[in-house]
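Hi,

Here is the model I promised to send over. Have a look at it first, and my notes follow below.

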Number of protein chains: 4
Amino acid sequence: MINSRKLKIFNDPIYGFITIPNGLIFDLIGHPYFQRLRRISQMGLSYLVYPGAHHTRFHHALGSMHLMQNALQVLKYKGVEVSEAEEEGLCIAILLHDIGHGPFSHAMEHSIVESTDHEHISLQFMEALNKIFNGRLTLAISIFKGQYDKRFLNQLVSSQLDMDRLDYLKRDSFYTGVAEGNINSERLITMLNVVDGNLVVEEKGIYSVEKFLMARRFMYWQVYLHKTGIVAEQLLIRILKRAKEIMHEGQVVVCSKALRFFMENRIEKQDFDLEILSTFSKLDDVDVLAAIKSWQDHDDFVLSTLCEMLINRRFLKVKLKNSPIDRAVFKKHKARVKEKYNLTDQETAYFVFEGKIENKAYDRYHQNINILRKNKRLIDVAKASDQLNLKALSKTVTKYYICYPKDSV
Amino acid sequence: MINSRKLKIFNDPIYGFITIPNGLIFDLIGHPYFQRLRRISQMGLSYLVYPGAHHTRFHHALGSMHLMQNALQVLKYKGVEVSEAEEEGLCIAILLHDIGHGPFSHAMEHSIVESTDHEHISLQFMEALNKIFNGRLTLAISIFKGQYDKRFLNQLVSSQLDMDRLDYLKRDSFYTGVAEGNINSERLITMLNVVDGNLVVEEKGIYSVEKFLMARRFMYWQVYLHKTGIVAEQLLIRILKRAKEIMHEGQVVVCSKALRFFMENRIEKQDFDLEILSTFSKLDDVDVLAAIKSWQDHDDFVLSTLCEMLINRRFLKVKLKNSPIDRAVFKKHKARVKEKYNLTDQETAYFVFEGKIENKAYDRYHQNINILRKNKRLIDVAKASDQLNLKALSKTVTKYYICYPKDSV
Amino acid sequence: MINSRKLKIFNDPIYGFITIPNGLIFDLIGHPYFQRLRRISQMGLSYLVYPGAHHTRFHHALGSMHLMQNALQVLKYKGVEVSEAEEEGLCIAILLHDIGHGPFSHAMEHSIVESTDHEHISLQFMEALNKIFNGRLTLAISIFKGQYDKRFLNQLVSSQLDMDRLDYLKRDSFYTGVAEGNINSERLITMLNVVDGNLVVEEKGIYSVEKFLMARRFMYWQVYLHKTGIVAEQLLIRILKRAKEIMHEGQVVVCSKALRFFMENRIEKQDFDLEILSTFSKLDDVDVLAAIKSWQDHDDFVLSTLCEMLINRRFLKVKLKNSPIDRAVFKKHKARVKEKYNLTDQETAYFVFEGKIENKAYDRYHQNINILRKNKRLIDVAKASDQLNLKALSKTVTKYYICYPKDSV
Amino acid sequence: MINSRKLKIFNDPIYGFITIPNGLIFDLIGHPYFQRLRRISQMGLSYLVYPGAHHTRFHHALGSMHLMQNALQVLKYKGVEVSEAEEEGLCIAILLHDIGHGPFSHAMEHSIVESTDHEHISLQFMEALNKIFNGRLTLAISIFKGQYDKRFLNQLVSSQLDMDRLDYLKRDSFYTGVAEGNINSERLITMLNVVDGNLVVEEKGIYSVEKFLMARRFMYWQVYLHKTGIVAEQLLIRILKRAKEIMHEGQVVVCSKALRFFMENRIEKQDFDLEILSTFSKLDDVDVLAAIKSWQDHDDFVLSTLCEMLINRRFLKVKLKNSPIDRAVFKKHKARVKEKYNLTDQETAYFVFEGKIENKAYDRYHQNINILRKNKRLIDVAKASDQLNLKALSKTVTKYYICYPKDSV
């Protein structure tokens with residue numbers, strides 16, 4: 001006799017292998033809604049700064065599910081009760097948590113579907129899939145919405161130490177080659193426990209939590225908010241804006257059907273019906289890149305110039321400051337560019353602009369991390385840390401940037 | 001005083017950092033011709049089998065240049081004379097060796113530009129860049145063409161153990177997560193030497209060379225010739241073929257300008273002038289993917305069906321055999337599909353087809369590897385190996401495949 | 001309520017964490033018999049060639065148990081039935097499989113206890129522990145002896161692809177830094193299955209098995225049989241031999257009590273009672289190294305010279321040949337050394353000697369590896385491999401060495 | 001013609017290969033004084049907590065030299081002038097910086113040679129080697145003493161960011177498997193520069209410096225000051241103390257000649273002549289372990305019990321507190337142990353004792369790290385950090401421990 005239940009696995013450069021737990025999840029992965037994530041870059045345009053960062057939402061979703069399986073094994077070993085149905089629900093919830101991301105993930109979050117965030121769209125996808133799969137996603141949806149009555153299940157999907165973060169920090173660090181962001185997800189997971197229905201970290205894990213918060217902060221400033229990445233993202237946003245502008249003025253702007261729909265229509269949250277979802281599901285990085293490539297030849301100077309900049313990686317100059325940009329400096333750049341290229345004020349604003357970026361490494365008011373003391377008391381990690389001033393990490397740090405053409409001074 | 005020569009570096013998940021040796025090379029990397037490689041997948045459609053395999057030709061080219069710098073350091077340490085001009089030439093030659101690749105690298109090699117291989121196009125790019133950079137690529141071109149009078153320089157760029165192979169095997173193994181293909185490029189490089197103007201491997205490196213050949217064979221059968229990858233590639237090729245067919249019949253086929261040019265015209269090697277090169281330089285994975293996405297809605301049943309299959313990863317069934325496909329089986333599948341979907345013979349051939357794949361792990365007649373014995377004699381690795389029957393690796397292995405719709409039987 | 005079953009873990013640089021499955025195994029690890037393995041070098045004197053190779057039998061035993069847990073998870077997933085008692089038995093059997101190793105593992109295997117191999121001593125330890133732990137090791141002992149009636153359990157502990165090999169190849173490769181020996185233990189394990197009670201590898205694992213055999217062969221020739229390692233090992237063996245010789249002549253030879261016992265007595269297999277086991281359990285690398293350090297000052301020229309050589313890593317010259325050492329050359333070295341140092345023939349033989357080393361990468365007659373074809377047939381890997389001549393790997397390769405003082409010619 | 005300068009390399013699991021720059025350094029490594037470091041554990045007894053941590057001072061010294069070579073390459077590329085003699089001096093200084101360590105490195109620092117620290121002994125070794133190698137270490141000694149007139153050379157050998165720390169943190173993290181301590185030495189090195197003769201870090205390196213300080217703090221609390229490691233170290237210190245005590249009372253205490261010398265004599269700094277150095281050079285972990293193994297059978301209850309505890313890893317219970325140990329608790333433990341084992345007060349103190357451990361992650365007053373701003377100004381990293389309260393890291397953290405037999409309460 002041959003034992004024949006087949007182990008469905010994906011190779012993963014980080015974890016070695018990712019095992020698909022059952023047939024339902026296998027089918028969800030095979031659905032076009034999920035396959036589309038293969039064409040959504042996890043880190044937006046960061047690959048223009050870190051050439052290895054071409055990994056996708058597809059791979060991140062699988063990775064998060066893998067960590068969820070590990071976490072479940074640890075918690076069950078420690079005596080936490082989780083039913084088989086809950087296990088499946090957790091795996092599905094984490095697998096689909098980001099399915100609503102549009103092209104280039106966060107980079108275009110409010111450029112394409114202006115008034116709806118990706119979590120809402122993820123939920124629409126999950127509900128559509130729930131119909132297709134005859135209600136078998138109901139428990140997963142309840143967890144995803146944070147409404148399931150065992151809080152720690154919700155927290156495994158969405159909290160400061162959820163499997164999403166534990167995967168994306170590790171994965172982004174791995175693919176960018178920025179070793180400082182590498183977190184020890186495995187170790188953190190072995191230190192999870194459940195107290196009074198909440199996910200907590202055992203006391204010996206305190207240094208690992210600190211390390212995790214530091215790594216996260218590091219990744220924000222060094223990678224996610226890298227100034228060259230910011231200028232790339234701003235170009236992308238401005239290209240879409242300009243294209244919409246001239247489309248609404250009646251000019252021809254070539255692009256895919258799905259992209260055209262979202263450029264022509266402003267979709268509000270309540271409008272998001274199955275038909276719009278279906279159109280959205282056809283939209284990915286390819287639509288946007290193909291449009292930008294073709295718009296390099298557009299008659300509009302602003303549009304074609306911005307597109308050429310992005311495609312050929314000939315960016316605007318960007319300066320990052322700790323205080324707001326000096327008004328006089330900003331005006332000087334605007335004046336020179338306006339004159340040099342003979343532009344209107346509105347057009348000039350596409351090439352000379354400013355903005356700010358913010359990050360808070362730890363938010364103890366919204367999503368704190370509880371440490372389980374040996375005396376069985378819970379304490380916030382910011383208080384438990386003997387030395388590191390984690391309160392300082394709770395402060396929002398703001399930086400200011402200005403962008404302008406390299407030759408404008 | 002501050003020391004201020006700036007170290008230009010790229011992060012690389014494999015080597016840590018890749019250093020750009022000088023300003024000319026920095027400018028070549030910045031040129032749109034080279035930036036385009038950011039949009040050419042290194043492994044074609046293999047990411048549909050190995051979800052991590054989204055790395056690009058851009059990154060591989062930088063990685064090869066990094067290994068070249070290492071090899072030069074080793075050889076110079078051992079007393080091999082290499083001038084600064086030769087060093088620069090080598091770095092440029094390896095950096096640009098693959099610049100002529102079209103969309104999806106090898107997968108479409110003869111689908112888009114039918115009668116010209118990527119090496120020839122690489123050369124056109126290099127000559128165009130040589131004009132732009134005032135002849136500073138002349139030495140690099142001579143090395144690339146294998147015409148430079150120090151043979152080992154040519155061999156570092158193109159031979160069984162060139163820096164191209166040492167990078168791509170390692171890189172493809174890394175990104176796919178297929179650890180068996182991981183070669184020890186660093187070790188192999190420390191064992192290189194030059195005898196009578198030829199690149200050789202020192203005797204103690206013999207096991208490493210064997211390991212390299214085995215890893216290469218492994219990657220071929222397990223990754224490059226993976227049956228699911230083959231069916232994906234065949235779909236891609238057939239989609240282009242079908243689109244050309246119906247375009248030539250006069251139907252509208254939406255696609256980018258650059259892609260249209262190559263679909264409408266059959267370019268012969270001698271035609272490849274600067275203008276065609278310029279059009280080619282605008283063509284990358286995005287053009288092809290965008291076309292396929294849009295063709296999912298085409299009226300032609302064959303085209304739209306093939307495109308949907310590829311986008312949603314709903315492939316034909318593929319079987320791999322050690323002997324040619326049985327005629328009766330093949331005919332049976334054809335007949336059923338033809339009837340079921342009411343197709344012509346010509347149309348049926350898009351859904352039921354066969355082919356063969358071949359690989360030879362070591363080619364001792366064309367590009368052998370010489371081992372330097374302690375007695376200063378050279379010997380072919382296939383003879384030097386005490387036990388492993390490397391002669392067996394020189395044999396071409398052929399496998400046969402058949403593809404047909406999953407539901408056709 | 002707090003969930004409180006404690007996860008007992010060891011950090012491992014290779015697998016991240018090793019989990020201790022239960023209290024019995026935790027107690028076995030804590031027993032002095034097992035703790036002693038912390039003082040037994042896994043690779044004998046190889047650290048004199050590869051300075052990273054200081055890992056111990058203790059760590060290897062834990063690592064093998066970790067892989068066993070993985071293998072059990074895979075097999076159970078595939079539907080193979082394994083009871084909890086069998087799981088525990090397997091973990092104990094693999095944990096203790098090498099507990100009988102003496103100082104420097106294989107290097108001194110027949111120098112200290114001349115007529116008994118380490119497997120036999122392992123069994124004595126297991127039986128002694130079985131008494132201490134009230135018979136709870138009975139099933140483990142049955143598996144260790146290969147007498148348990150489910151053959152695949154025995155094969156997981158001892159066969160061509162047992163967890164011992166899968167750990168030691170990976171671990172030795174890791175600590176030496178010889179990347180070529182790195183095998184993908186995890187992948188091989190996912191491809192295990194059971195057919196008719198025997199452990200087999202599924203067909204898609206064939207390249208991985210080949211890769212494993214190649215890596216093993218590589219490690220043998222490059223690491224385990226490294227010529228500098230051989231001369232170190234021969235010095236060690238000869239030091240013990242000389243020390244016994246002069247001890248039996250009545251000279252004072254300072255050493256630990258346990259070492260003295262085994263130097264003074266020749267222990268036959270049948271003599272190995274609990275008292276001798278207890279003495280053996282006090283013997284480890286420290287006893288031997290301390291003795292050698294002190295013998296550097298011994299009056300006997302041969303003994304003190306050999307000890308100084310080993311401690312200060314001033315080895316004899318060693319030459320490795322594919323054919324037996326030339327008689328004339330050997331005699332010439334002997335004559336010169338004898339004259340130069342004014343030695344007897346017997347003494348000279350300590351400084352000028354020869355020997356041979358052998359390795360067979362794959363033994364298809366004694367422990368073959370069965371591949372499970374898709375047609376459910378089993379086939380030996382040497383036949384299943386399409387191209388690689390694995391039959392060649394079944395051939396025994398012999399090399400010959402000669403050692404003599406560096407200044408003797 | 002064959003190019004034949006031989007590349008002398010060591011395999012290293014961390015850096016791949018370590019290259020020996022020249023013949024003098026090769027000879028220094030071969031000297032018995034340096035070979036002795038193969039028998040000195042880098043992390044003392046930490047392997048009793050982290051079973052992978054068996055790496056040696058020998059390997060760490062080679063690793064530090066490797067990083068020094070990298071740092072020199074970076075600095076020279078940036079235009080910092082370093083002569084060939086200075087390069088050699090730097091490599092020798094870092095290679096030998098720890099040669100004065102005694103058995104178990106820091107663990108026994110003031111137990112064996114009570115009044116002399118390892119730096120002083122390192123200097124004695126270097127001066128002795130300088131005589132043997134005819135003054136070729138003079139420049140290295142000047143750098144090692146911090147007296148060379150280019151300050152940054154001294155700082156590369158001894159400062160907050162010296163090559164010693166960059167190697168040991170990475171190496172200890174690697175071998176323990178504690179990933180959180182893994183620092184990106186390579187990245188930090190690429191960001192080094194020299195301003196006004198001092199080593200500085202370029203501004204973009206600020207997050208990496210923070211990460212380095214955090215990793216260092218992590219390793220201190222999680223590894224170097226691990227409570228189980230502390231109790232092991234305290235046992236070791238108390239064993240030596242007890243053995244001296246009873247030796248001075250006239251009892252026989254078996255041990256090696258070298259160890260006996262240092263147990264019988266209290267060596268003051270000024271006494272450290274060539275003869276004492278020669279005796280010291282014969283002392284390593286083996287002498288201490290062999291003694292402890294044999295002392296398990298000593299008549300003295302205290303000595304034999306402590307030795308058995310250490311060898312069999314049956315430690316005292318240890319509790320770690322943030323405030324000093326409660327007097328009443330301490331007395332209670334003492335009274336119980338005294339009574340239970342019928343001991344004197346002096347003897348009891350060997351089994352019930354307390355102590356404190358301290359760590360300061362960053363010492364801005366003694367060895368600050370300067371960040372080079374883009375405006376060319378230097379600023380202390382504690383001020384440059386935007387958010388992380390590095391001042392908090394400058395605070396000394398103190399913890400208190402108490403040890404007592406497990407069964408005493």
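Chain A has 20 helices and nine strands. Keep in mind as you read on that this is a predicted model.

For overall shape, the C-alpha trace of chain A spans about 75 × 55 × 40 Å along its principal axes. The radius of gyration of chain A is 23 Å, which agrees with the value near 22 Å for a compact globule of 409 residues. Of those 409 residues, 50% are buried. I also looked at how far along the sequence the contacts reach: taking contacts in chain A between residues at least 6 apart, 70% join residues at least 24 apart.

Now the part where the two chains meet. Chain A puts 30 residues into the contact, and chain B puts in 30 residues as well. On the chain A side, the elements that each supply at least two residues are β1 (9-12), α2 (32-35), α3 (57-77), α9 (163-176) and α15 (285-295). The largest share comes from α15(A), with six residues. Sorted by class, the side of chain A that touches chain B has 13 nonpolar, 13 polar and four charged residues.

How are the two copies related? A turn of 180 degrees, with a shift of 0.0 Å along the axis, lays chain A on chain B with an RMSD of 0.0 Å. That is the relation of a two-fold axis. The same surface serves both copies, since 100% of the contact residues of chain A recur in chain B.

One helix I checked by itself is α17 (residues 327-341) of chain A. With 15 residues at 1.5 Å a residue, helix α17 of chain A should span 21 Å, and its end C-alpha atoms are 21 Å apart, which agrees. Right after α17(A) comes N342(A), which has a positive phi, near 60 degrees.

A general reminder for when you look at any of the helices: an α-helix has 3.6 residues a turn, so residues three or four places apart point the same way.

Last, the annotation. UniProt, in an unreviewed entry, lists residues 53-178 of chain A as "domain: HD/PDEase". In the model, that span is 64% helix and 0% strand, and the end C-alpha atoms of residues 53-178 of chain A lie 10 Å apart.

Cheers

Methods:
Residues are numbered from 1 along each chain as its sequence is written. Chains are lettered from A and ligands numbered from 1 in the order in which they are written. This is a predicted model: local features need pLDDT of at least 70, side-chain atom pairs count only at pLDDT 80 or more; totals for chains, interfaces and linings use all residues. Helices (H or I, at least four residues) and strands (E, at least two) are DSSP runs, numbered from the N terminus. The radius of gyration is taken over C-alpha atoms; the globule rule is 2.2 Å times the number of residues to the power 0.38. A residue is buried if 20 or more other C-beta atoms lie within 10 Å of its own, exposed if 12 or fewer, and partly exposed in between; C-beta atoms are placed from the backbone. Two residues are in contact if their C-beta atoms, placed from the backbone, lie within 7 Å. Ala, Val, Leu, Ile, Met, Phe, Trp, Tyr, Cys and Pro count as nonpolar, Asp, Glu, Lys and Arg as charged, and the others, Gly among them, as polar. Copies are superposed by least squares on the C-alpha atoms of residues with pLDDT of at least 70 in both. The expected span of a helix is 1.5 Å times one less than its number of residues. UniProt positions are given in the numbering used here, feature names are shortened, and annotations may be inferred rather than shown by experiment.
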